[in-house]
Amino acid sequence: MPHSRKSRAENPRDSPAKIQANLAGKNPRQIGLISDTHGLLRAEALEALRGSDLIIHAGDIGDPKILEALRQIAPVVAVRGNVDTAEWAKSLPETAVAEAGTVNIYVLHDANALDLDAKAAGFDVVVSGHSHKPGSRERDGVIYINPGSAGPRRFRLPITVARLDLGVRPWRVECVDLEQGVE
């Protein structure tokens, strides 16, 4: 992304979702990542996210009951995706900041809408969804993670969530294929 693009938020760290992340405690280590549930929360997804200190939902939630169920496991930071147009979803932010101890995580639904330089803004991790394609990559010291889609199957893409372990160095990202186990 060009450095000259102006962020939608004057200061992404002033995100309303930052308050949600602080509920996770001072130092969450196990971060569960989920996206694109589209109204379907599979038992396998809940099981894969158990043990998380914090859960991040990167949008296209589809039903507020999904967030309620995830909150039974851990505090949740969630952003609104392009299908989250119902009245309940209007209170969700388009972007969020989660602080896991000293690790700063920027959350948005579509990585193509990223309008800031994550490294320059002080973010260590960027979490997004939208494409339904799971993966992680590192660029300029920032880890970009897409947990894939945990909802209805799209094309031949796998049904996945991801786990980010901040308790080890280097940090470990595991993609969990909900039909196969850990990839």
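**Reading contacts, strands and loops around Val125**

Visitor: If I begin from a single residue, which residues does Val125 touch once those up to four places away in sequence are not counted?

Guide: In this predicted model, and leaving out residues up to four places away in sequence, Val125 touches Val103, Asn104, Ile105, Tyr106, Val142, Ile143, Ile145, Leu164 and Trp171.

Visitor: How should I read such a list, and of which larger set is Val125 a part?

Guide: The general idea is that in soluble globular proteins nonpolar side chains tend to be buried together. Here, the largest nonpolar core holds 21 residues, and Val125 belongs to the group that touches the most other members, together with Ile31, Leu33, Ile56, Ile105 and Leu164. Two or more residues of this core come from each of the strands E1 (30-34), E2 (54-57), E4 (95-100), E5 (103-108), E6 (125-127), E8 and E9 (160-165). There is also a second, separate core of 20 residues, among them Ile61, Leu67, Ala78 and Leu92.

Visitor: Before going further into the strands, what does the chain as a whole contain, and how much of it is buried?

Guide: The chain has three helices and eleven strands, and from the N terminus on its elements run α-β-α-β-α-β-β-β-β-β-β-β-β-β. Of its 183 residues, 48% are buried, and the accessible surface comes to about 8,900 Å², with 49% of that belonging to carbon and sulfur atoms. Among contacts with a separation of 6 or more, 47% are between residues 24 or more positions apart.

Visitor: How do I read a sheet, and in what order do the strands stand in the open sheet of five strands?

Guide: One general point is that in a regular strand the side chains alternate between the two faces of the sheet. In this case the order is E4-E5-E6-E8-E7, and the pairing is mixed. Because E4 and E7 stand at the edges and each has a single partner strand, one side of each is left without a neighbour in the sheet. From one strand to the next, the twist averages 20 degrees.

Visitor: How many bridges join each of those edge strands to its partner?

Guide: E4 and E5 run antiparallel and are joined by six bridges, with Ala100 having Val103 of E5 as its bridge partner. At the other edge, E7 (residues 135-139) and E8 (residues 142-146) also run antiparallel, joined by five bridges, and Gly135 stands opposite Asn146 in E8. E7 and E8 form a hairpin with two residues between them, and Asp140 in that turn has a positive phi of about 55 degrees.

Visitor: Where else is phi positive in a residue other than glycine, and are those places buried or exposed to some degree?

Guide: Asp36 has a positive phi of about 50 degrees without being a glycine, and its place is in the loop between E1 and helix H2 (43-49); with a relative accessible area of 0%, Asp36 is buried. His130, which lies in the loop between E6 and E7, has a phi near 75 degrees and, at 28% relative accessibility, counts as partly exposed.

Visitor: Which residues does a cis peptide bond join, and in which loop is the proline found?

Guide: A cis peptide bond joins Arg169 and Pro170, where omega is about -10 degrees, and Pro170 is found in the loop between E9 and strand E10 (172-177).

Visitor: When a polar residue is buried in a loop, I would look for what its polar atoms meet; what does the side chain of Ser52 reach?

Guide: Ser52 sits in the loop between H2 and E2 and is buried at a relative accessible area of 9%. Its side chain reaches the backbone nitrogen of Gly32 at 3.4 Å, while the backbone oxygen of Leu49 lies 2.6 Å from a polar atom of the Ser52 side chain. Leaving out residues up to four places away in sequence, Ser52 touches Gln30, Ile31, Gly32, Ile73 and Ala74.

Visitor: And with which side chain does the side chain of His109 make a polar contact?

Guide: His109, found in the loop between E5 and E6, is buried with a relative accessible area of 5%, and its side chain makes a polar contact with the side chain of Asp60 at 3.1 Å.

Methods. Residues are numbered from 1 along each chain as its sequence is written. This is a predicted model: local features need pLDDT of at least 70, side-chain atom pairs count only at pLDDT 80 or more; totals for chains, interfaces and linings use all residues. Side-chain values use heavy atoms; hydrogens and water are left out. Two strands pair if DSSP finds at least two bridges between them. Helices (H or I, at least four residues) and strands (E, at least two) are DSSP runs, numbered from the N terminus. A nonpolar core is a set of buried Ala, Val, Leu, Ile, Met, Phe, Trp, Tyr and Cys residues joined through side-chain atoms within 4.5 Å. Buried means under 20% relative accessible area, exposed over 50%, partly exposed in between (1.4 Å probe, protein chains only). Contact means heavy atoms within 4.5 Å. A polar contact is a pair of N or O atoms within 3.5 Å; within protein, one must be able to donate a hydrogen and the other to accept it, and residues adjacent in sequence count only if both atoms are side-chain atoms. Accessible areas come from the Shrake-Rupley method with a 1.4 Å probe; for residues, only the protein chains shown count as cover. Axes are lines fitted to C-alpha atoms, for helices over the stretch in contact, and angles run from 0 to 180 degrees between N-to-C directions.
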